[in-house]
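Here are a few exercises to work through with the model open beside you. Try each one before reading its solution.

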Amino acid sequence: MLDVKCIKTAMEYRELIDILMSDKHFADVVLYQGNVVNVLTREIYRADIAFKGKYILMVGDAEKLIGPDTIVVDVQGKYLSPGFIDSHMHFESSMLTITEFSRLSIPSGTTTLVADPHEIGNALGPIGIKAMAEEASVVPNHVHLVVPALTPDSPDLETAGYDITSKDMKEILGYPNVIGIGELQGFSNAKHVYRNTPEVITDLLASTIYARSIGKMVDGNAPELFGNELAAHIISTAGECSCHETTTKAECVEKLRQGVYVFMREGSTQRNMAECIRAVTEEGFDSRRCILATDDMVAEDLEKLGHMNEIVKRTINEGVNPVEAIQMVTINPATYFGLKDRGILAPGKLADVAIISDINNMVVDAVFLEGKLVASQGKLLIDLPTYTYPDEVKHSVKRNPVTEEELKIPANGSEATVRCIGLIPDQNLSDDHEVRVKVQQGAVQADVRQDALYIVCVERYGRNGSIGKALVKGFGLEQGAFAESVAHDTHNIMAVGTNLKDMAAAINHVIEMGGGLAVAKGGRVIDDLRLPVGGLITDELTGPEVSLKIASIEKTVKDQLGGKVHAPFMHLSFLALSTSPKWKITDQGLIDVNNFEILPPVVE
């Protein structure tokens with residue numbers, strides 16, 4: 001029995017046929033004589049594109065479809081591409097609501113977003129994911145969610161706000177706009193999960209097999225996996241997956257050979273596309289399973305650089321043919337996700353079109369979304385009302401303030417060898433170091449001259465009150481500290497600093513705000529940003545306002561604290577990612593990711 005949606009589509013398609021076959025009905029819009037980017041045949045040629053309602057009528061000579069009321073848009077000399085798809089991203093990393101992210105991304109040609117609410121899922125569980133799924137229904141662009149099957153990703157190594165398992169899958173996969181399971185990080189460290197927590201694999205399989213049984217897809221997450229471990233990971237996703245954690249050419253080659261869709265990541269702080277694309281440019285691999293994705297982008301980059309158009313531009317600069325690069329954000333992801341109504345310019349598909357004036361630099365002049373002109377010259381032409389989240393997702397910080405004493409790393413003697421995480425700019429991978437530092441009054445001292453600073457991760461959900469402690473290299477702070485409630489993926493409170501007084505001040509301000517970012521110097525807070533939604537997102541500021549605020553607070557870290565790394569808050573947030581090698585920090589302590597164990601900060 002046909003449902004109402006099917007009947008409506010049948011009626012719309014019948015109207016399309018009437019227009020094409022009679023001489024009494026006409027197109028609503030004709031894009032006249034543009035250079036069509038055909039991602040099916042990988043060619044560019046001169047043609048018209050005719051729209052009726054939200055659908056493409058035809059691509060070719062549309063002269064007979066132009067009636068007295070048809071809007072004819074002269075696009076001679078310009079390129080017509082399918083709207084772009086970001087196949088893996090997190091709204092939470094931008095600190096924006098879906099609405100505000102869309103406001104910034106639509107004008108650059110992005111018409112579809114596939115988001116993983118893994119972050120808010122870790123912080124709040126199903127209520128957070130449901131709240132995000134509901135917002136996805138009110139924006140004009142296409143927003144799909146792929147949900148976590150497990151939180152936290154490393155149950156023995158970290159604490160989340162809610163423990164998601166297979167018991168939650170029936171509910172969560174049934175939320176609106178959910179198309180599958182997101183990155184399967186719980187089995188990223190395949191060997192050690194198998195040896196130490198094999199029950200996780202059983203539970204993940206229960207989730208992934210169930211998802212496939214109801215027509216949902218499953219994303220993978222396989223950093224530095226080869227051979228048997230990669231094969232086991234692929235099987236854990238029920239046999240077909242993606243991976244956005246590929247960082248080397250060798251990994252990309254291996255994964256493409258094994259049938260993995262490689263999401264070549266190019267975000268604000270994690271940039272792996274140039275290395276991955278070498279499998280195509282140097283080895284001549286077929287690029288049908290190569291897909292461009294951002295994973296994490298900050299508001300300022302969206303506003304000033306663009307979104308997927310910027311990533312396509314960078315790919316072209318690596319020597320990829322422009323049409324092939326465009327395939328990686330259109331037909332390739334549409335094929336992977338089974339989005340049969342978009343990704344190509346053809347009859348009956350959604351009229352999502354990016355009009356491009358400079359194809360090599362990916363300058364997007366205008367954007368049509370379901371047949372409507374929604375952006376021109378980088379400006380959004382439609383009204384997007386601000387979105388306010390319900391109060392139930394705004395109370396995720398449930399711990400008491402910390403003291404300096406709680407943040408100390410105890411040690412004996414006058415000096416100690418201390419384990420020190422090594423920040424790697426523009427990666428979520430990290431290094432491992434040991435440094436020799438002073439000990440005073442039984443506590444390890446940070447050493448600014450060695451760039452060996454304090455780093456802590458403070459449990460914020462009121463579940464155990466634990467605090468992980470170590471040292472870190474790479475931020476280059478000369479004074480002060482900064483803290484945030486954004487810490488992938490369990491999102492406890494992270495802080496880095498030169499002294500414990502400022503560390504405590506910054507952390508306690510984040511607690512007081514109910515989540516956010518804070519910078520402290522001289523024992524007082526000198527800058528902040530409140531993130532009330534799950535401690536991750538603000539629904540109090542617009543996208544441009546967040547962009548300005550983040551730029552301002554990052555400038556404070558640079559100018560007032562002497563910070564040396566760009567996007568310091570995003571870089572700090574990834575030092576809690578317990579599934580990404582080598583050393584990370586969680587509320588449970590310093591994590592040796594490769595060996596799946598908690599290390600004492602002081603070398604015995």
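**Exercise 1.** In which loop does Thr 97 lie? Then work out whether Thr 97 is buried or exposed, and which residues Thr 97 is in contact with.

*Solution.* A word on the ground rules: this is a predicted model, where local features need pLDDT of at least 70 and side-chain atom pairs count only at pLDDT 80 or more, while totals for chains, interfaces and linings use all residues. Residues are numbered from 1 along each chain as its sequence is written, and side-chain values use heavy atoms, leaving out hydrogens and water.

Step 1: find the loop. Thr 97 sits between α2 (91-94) and α3 (98-105); helices here are DSSP runs of H or I with at least four residues, strands are E runs of at least two, and both are numbered from the N terminus.

Step 2: check the burial. Thr 97 has a relative accessible area of 2% and is buried (buried means under 20% relative accessible area, with a 1.4 Å probe and protein chains only).

Step 3: list the contacts (heavy atoms within 4.5 Å). Setting aside neighbours within four places in sequence, Thr 97 touches Phe 91, Glu 135, Tyr 387, Tyr 389, Ile 537, Thr 538 and Asp 539.

Step 4: look at the side chain. One of its polar atoms lies 3.1 Å from the backbone nitrogen of Glu 100.

**Exercise 2.** How many residues of helix α14 are buried, and what do they pack against?

*Solution.* Step 1: α14 spans residues 308-317, and 8 of its 10 residues are buried. Among them are Met 308, Ile 311, Val 312 and Thr 315, along with the charged-type names Glu 310 and Arg 314.

Step 2: the buried residues pack against β6 (84-89), β7 (110-115), α11 (273-276), β13 (290-293), α15 (322-327) and β15.

Step 3: go past the end of the helix. Gly 319 follows α14 and has a positive phi, near 100°.

**Exercise 3.** Which peptide bonds ending at Pro 152 and Asp 489 are cis?

*Solution.* Step 1: the bond from Thr 151 to Pro 152 is cis, with omega near -10°. Pro 152 belongs to the loop between β8 (142-147) and α6 (169-172).

Step 2: the bond from His 488 to Asp 489 is also cis, with omega near 0°. Asp 489 is in the loop between β23 (481-484) and β24 (493-497).

**Exercise 4.** Where is Met 362 found?

*Solution.* Met 362 is in the loop between β14 (353-358) and β15 (363-369). Its phi is positive, about 50°, although Met 362 is not a glycine. At 1% relative accessibility, Met 362 is buried.

Notes. Buried means under 20% relative accessible area, exposed over 50%, partly exposed in between (1.4 Å probe, protein chains only). A polar contact is a pair of N or O atoms within 3.5 Å; within protein, one must be able to donate a hydrogen and the other to accept it, and residues adjacent in sequence count only if both atoms are side-chain atoms.
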